[in-house]
Structures are given as structure tokens and as C-alpha cells.
Amino acid sequence: MRLEKNAPQNQLEREVETILIDNGYAISNIEFRDVVYKDETRYLRVGYWKQLSDKALTQLGDRIKETIDSYDDDCGWLYYYKLNH
């Protein structure tokens, strides 16, 4: 279950959530999180740092500014998405 602070807080985030739900993602796995760096905005995380499907990314279009991926020795590839706020 996601925390209230990780729920959509503006129209863009609500649009992103709707597209992801339409693509089969559970609402409890869709999180909008605050970035710890002050020069950036909130980002999208799905599940435990899961990669979005190509279909979902295509439908999200320019709402996603950048896909960030990194490799963790214990967990494998981790993904999050910078939003075009």
C-alpha cells in the first residue's frame, strides 16, 4: 500500500497514473516520490523499481522526461522515471 505522500499531487501525475492503470499496473504499485536533490522534481517509481512496458512508455509519451536505470548487485536492474513537470 502506498503512502498518501506518494499518490498523485497534480494533473500530470493523475494522467500518468490513469495510463498505467489502463496498462494493468496496480494502483498500489504506482508511486510518485520526491527527489532528494533540490534542483529536480518528483519522479515515478513502479513496483520495486520495475521497468515499464514499451506500450506504457509509448502512451506516456512526453510526460516522461527521462528513464533512469542503475544496476544493483543484490536486486539487478532498477528503474525510475523523471517526469516532465
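This is a guided tour of a predicted model, moving from the whole chain to its strands and then to single residues.

**The whole chain**

Begin with everything displayed as a cartoon and colour by secondary structure, which comes to two helices and four strands. Followed from the N terminus, the elements run α-β-β-α-β-β. The radius of gyration of the protein is 12 Å, close to the 12 Å that the globule rule gives for 85 residues, so the protein is as compact as a globular protein of that length. If you draw a box along the principal axes, the C-alpha atoms fill roughly 35 × 30 × 25 Å.

Switch on a surface next: the accessible surface of the protein comes to about 5600 Å², and 46% of that area belongs to carbon and sulfur atoms. Of the 85 residues, 39% count as buried. Among contacts with a separation of 6 or more, 51% are made by residues 24 or more positions apart. For the charges, mark the mean position of the 12 positive ones and that of the 16 negative ones, and the two points are 4 Å apart.

**Strand β4 and its partners**

Select residues 76-83, which make up strand β4. Six of its eight residues are buried, so this strand is largely enclosed by the rest of the structure.

Now add strand β3, residues 64-72, which pairs with β4 in the antiparallel sense over eight bridges. The two strands form a hairpin, with three residues between them. To follow the pairing residue by residue, show Y71, whose bridge partner in β4 is W77, and then I68, whose partner in β4 is Y80.

Which strand, besides β3, can be added to β4 as a pairing partner? It is β2, residues 43-46, which pairs with β4 in the antiparallel sense over two bridges. Here Y43 stands opposite K82, while L44 has Y81 as its bridge partner.

**Strand β2 from both sides**

Keep β2 selected and add β1, with which it pairs in the antiparallel sense over four bridges. In this pairing R33 stands opposite Y43 of β2, the residue that also stands opposite K82 in β4. Rotate the view to look at each face of β2 in turn: Y43 and R45 lie on one side, L44 and V46 lie on the other, and because all four are buried, both faces of the strand are covered.

**Y43 and its surroundings**

Centre on Y43, which lies in strand β2. Is its side of the strand buried or exposed at this position? Y43 has a relative accessible area of 11% and is buried. Beyond the residues up to four places away in sequence, Y43 touches E31, F32, R33, D34 and V35, then W49, and finally Y80, Y81, K82 and L83. For a distance label, pick the C-alpha atoms of Y43 and E66, which are 23 residues apart along the chain and separated by 9.7 Å.

**W49, a contact of Y43**

From Y43, step to W49, one of the residues it touches. W49 lies in the loop between β2 and α2, the helix of residues 54-60. Its relative accessibility is 17%, and W49 therefore counts as buried. Check the backbone here as well, since phi of W49 is near 60°, a positive value in a residue other than glycine. For comparison, most residues other than glycine have a negative phi.

**E13 in helix α1**

Move to helix α1, residues 11-22, and select E13. This residue is buried, with a relative accessible area of 0%. Leaving out residues up to four places away in sequence, E13 touches A7, P8, F32, R42, L83 and H85. Two of these residues, F32 and L83, are also named among the contacts of Y43.

**N29, a last stop**

Finish at N29, in the loop between α1 and β1, the strand of residues 30-33. With a relative accessible area of 35%, N29 is partly exposed. Apart from its neighbours within four places in sequence, N29 is in contact with R45, V46 and G47, and among these R45 and V46 belong to the buried residues of β2. As a closing distance, label the C-alpha atoms of N29 and G61, which are 32 residues apart along the chain and separated by 20 Å.

Definitions and conventions. Residues are numbered from 1 along each chain as its sequence is written. This is a predicted model: local features need pLDDT of at least 70, side-chain atom pairs count only at pLDDT 80 or more; totals for chains, interfaces and linings use all residues. Side-chain values use heavy atoms; hydrogens and water are left out. Buried means under 20% relative accessible area, exposed over 50%, partly exposed in between (1.4 Å probe, protein chains only). Two strands pair if DSSP finds at least two bridges between them. The radius of gyration is taken over C-alpha atoms; the globule rule is 2.2 Å times the number of residues to the power 0.38. Contact means heavy atoms within 4.5 Å. Accessible areas come from the Shrake-Rupley method with a 1.4 Å probe; for residues, only the protein chains shown count as cover. Lys and Arg count as positive and Asp and Glu as negative; His and the chain ends are not counted. The place of a charge is taken as NZ of Lys, CZ of Arg, CG of Asp or CD of Glu.
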